[in-house]
Amino acid sequence: MTATAEVSEWVRMERLSKIYPNGTVAVRDVNLSIREGEFLSFVGPSGCGKSTIFKMITGLSAPTEGTLEVMGVSPKQARKQSDIAFVFQEHTLLPWSSVLDNVTLPLALRGVPRKERREEGERALELVGLREYAKAMPRQLSGGMKMRASIARALVSKPKLLLMDEPFGALDEITRQTLQFELLEIWRKNAGMTVLFVTHNVFEAVFLSTRIVVMTPSPGKVAAMIEVPVPFPRDETFRTTSEFGRIVRSVSDALKH
Ligand code: ADP
């Protein structure tokens, strides 16, 4: 049994604060308990501390005060156990490597044998609908397909926690909505995987999330925690319901405070 098998809180923050050496209070007194299998979005304007929280969860930045545990251990330990994966707005694919080699890079770095790498890579590409593009080069892919490949690379390690920082921010609206739907399908197929998702887009947050953390700046803090009590699977019709409008309004109101 691993150290993470017994914990039900995937991420625990207690009075978490981060003050940068120049005195900026990026995050103040954040209390948050994130459970297994949640899809939690962080919404807020630039500068409200979303990236700082992500950096602390991944162990790239240390809190100045408070407690932060990821699956019952320190963020660095959780990262070493390959329990965390990231997807950023920039696709960060290596231009000289095939899609399959890009997707399996995390496994290659860990010394996983070639045959297993290929199987796992093909499984991840299947999940994002890019199975036939395994041998293609990144330049042959559209923006949406590059993002799918980045998501496949994150999924290849079967992470328990997937952090996504504005992943669809650079895509056109139609591609964005398609990928939102596909992401929910991937999340549902990977039962137990927790997704933490940063977005500026209130509609995107409401469509995707089980809960939304609304953040406000100066200093960065949690202004509201809003549940989205709408069952999955969700499809496009959800976007036109009165419940959707009601939750969008609550998030927008909380952002004003
Ligand atoms: P967000 O991701 O919501 O835009 P950030 O976490 O990037 O917010 O930033 C929160 C606050 O901390 C901002 O005021 C930002 O200018 C400041 N900040 C971020 N990184 C640093 C740093 N390395 N040194 C000093 N201040 C920083």
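**Salt bridges, cores and a ligand site**

Let's start with one charged pair: Glu-243 and Arg-246 form a salt bridge, with their closest N and O atoms 3.1 Å apart. Keep in mind that you're looking at a predicted model. Across the structure there are 17 salt bridges, and there are also nonpolar cores and a ligand with residues around it.

**Charged pairs**

- Both Glu-243 and Arg-246 sit in helix α9, which covers residues 242–256. They are 3 residues apart, or about one turn of the helix.
- Is Glu-243 buried or partly exposed? With a relative accessible area of 27%, Glu-243 is partly exposed. Its partner Arg-246 is partly exposed too, at 39%.
- Arg-12 pairs up with Glu-14 in another salt bridge, where the closest N and O atoms are 2.5 Å apart. Glu-14 has 38% relative accessibility, so it counts as partly exposed.
- That pair isn't on its own: a network of salt bridges links Glu-9, Arg-12, Glu-14 and Glu-69.
- Arg-131 and Glu-126 make a salt bridge as well, and here the closest N and O atoms are 3.2 Å apart. Arg-131 is partly exposed, with a relative accessible area of 38%.

**Nonpolar cores**

- As background, nonpolar side chains tend to be buried together in soluble globular proteins.
- In this model, the largest nonpolar core has 55 residues. Ile-151, Leu-162, Val-206 and Val-251 have the most contacts inside it.
- Which helix gives the most to this core? That's helix α6 (residues 143–155), with 7 residues.
- Where does the core lie? Domain 1 (1–83 + 159–257) and domain 2 (92–158) both give residues to this core, so it lies between them.
- Another core lies apart from that one and has 28 residues, including Trp-10, Val-11, Leu-16 and Leu-196.
- Take a look at Val-251: if you leave aside neighbours within four places in sequence, it is in contact with Val-43, Val-202, Val-206, Ile-212, Val-214 and Ile-226.

**Around the ligand**

- Several residues surround the ligand, among them Tyr-20, Asn-22, Thr-24 and Ala-26. The run from Pro-45 through Ser-46, Gly-47, Cys-48, Gly-49, Lys-50 and Ser-51 to Thr-52 is also around it.
- Some of these residues place polar atoms by ligand oxygens. For Cys-48, a polar backbone atom is 3.1 Å from an oxygen atom of the ligand.
- Gly-49 also uses its backbone: one of its N or O atoms there lies 3.1 Å from a ligand oxygen atom.
- Thr-52 brings in its side chain, with a polar atom 2.5 Å from an oxygen atom of the ligand.

Technical notes
Residues are numbered from 1 along each chain as its sequence is written. This is a predicted model: local features need pLDDT of at least 70, side-chain atom pairs count only at pLDDT 80 or more; totals for chains, interfaces and linings use all residues. Side-chain values use heavy atoms; hydrogens and water are left out. A salt bridge is a side-chain nitrogen of Lys or Arg within 4 Å of a carboxyl oxygen of Asp or Glu. Buried means under 20% relative accessible area, exposed over 50%, partly exposed in between (1.4 Å probe, protein chains only). Helices (H or I, at least four residues) and strands (E, at least two) are DSSP runs, numbered from the N terminus. A nonpolar core is a set of buried Ala, Val, Leu, Ile, Met, Phe, Trp, Tyr and Cys residues joined through side-chain atoms within 4.5 Å. Domain bounds come from an automatic or database domain assignment. Contact means heavy atoms within 4.5 Å. A residue is near a molecule or strand if one of its heavy atoms lies within 4 Å of it. A polar contact is a pair of N or O atoms within 3.5 Å; within protein, one must be able to donate a hydrogen and the other to accept it, and residues adjacent in sequence count only if both atoms are side-chain atoms.
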